[in-house]
Amino acid sequence: MGETNPEPENRISLPHDSVAWSPCMIGENLSHGHKCSIGALAHIGRNVTMGDKCRIQGGVYIADGCSLGSSVFIGPNATLLNDKYPPSGDSKYWSPVKIGDNAVIGGGATVIAGCTVGKDAVLGAGSVLTKEIPSGEVWAGNPAKFMMNREQYDSKRGNS
């Protein structure tokens, strides 16, 4: 009685009340906010920035230099790229992805280098994004195209 449960061996405590789940790869100079979670088998590249309350699911690949706003959700096995014409071999040619606050990237989606996902935008699971998603829009498909606005999406989820 009175014993506390030890932390699971695969839990990695990060600063700012954040957590990662082993095994995962976290590159140098990760800058993250408070209460973030990084899933097992995720690859977070070097010089990545993440705002508060980001949730990165298992198997996600985030290339070097990408930036995520606050409260971003990235579903399992999604990919954020930084090199339009790989392998460039030189970071001066890279164009890292930028994800706005409260955006959602569905599982298995790919965001091509240079794309921006606006605030409150959603990219559907399995989609391939080849251009910018404006704030508050929901896109899906390959290549991804406009489907509806975020308000319509949230009402379908029962979050109106």
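Buried residues, meaning those under 20% relative accessible area (exposed is over 50%, partly exposed in between; 1.4 Å probe, protein chains only), account for 38% of the 160 residues in the protein chain. This is a predicted model: local features need pLDDT of at least 70, side-chain atom pairs count only at pLDDT 80 or more, and totals for chains, interfaces and linings use all residues. Residues are numbered from 1 along each chain as its sequence is written, and side-chain values use heavy atoms, with hydrogens and water left out.

**Overall fold**
- The protein chain has one helix and 20 strands; these are DSSP runs numbered from the N terminus, with helices (H or I) of at least four residues and strands (E) of at least two.
- The radius of gyration is 16 Å, close to the 15 Å of the globule rule for 160 residues, so the chain is as compact as a globular protein of that length. The radius is taken over C-alpha atoms, and the rule is 2.2 Å times the number of residues to the power 0.38.
- Along the principal axes, the C-alpha atoms fill a box of roughly 55 × 45 × 20 Å.
- Of the contacts (heavy atoms within 4.5 Å) between residues at least 6 apart in sequence, 16% join residues at least 24 apart.

**Core**
- The largest nonpolar core holds 34 residues. Such a core is a set of buried Ala, Val, Leu, Ile, Met, Phe, Trp, Tyr and Cys residues joined through side-chain atoms within 4.5 Å.
- Ile56, Ile62, Leu68 and Ile74 have the most contacts inside this core.
- Beyond residues up to four places away in sequence, Ile62 touches His43, Ile44, Gly45, Val48, Ile56, Leu68, Ile74 and Leu80.

**Strand E20 and Met147**
- Met147 sits in strand E20 (residues 144–149) and is partly exposed, at 45% relative accessible area.
- Neighbours within four places aside, Met147 contacts Val138, Trp139 and Ala140.

**Backbone features**
- The Pro86 to Pro87 peptide bond is cis, with omega near -15°. Pro87 is in the loop between strand E12 (79–80) and strand E13 (98–99).
- Asn142 and Pro143 are also joined by a cis peptide bond, with omega about -5°. Pro143 lies in the loop between strand E19 (137–141) and E20.
- Leu41, not a glycine, has a positive phi of about 70°. Leu41 is in the loop between strand E5 (37–38) and strand E6 (43–44), and is exposed at 62% relative accessibility.
- Lys53, not a glycine, has a positive phi of about 60°. Lys53 lies in the loop between strand E7 (49–50) and strand E8 (55–56).
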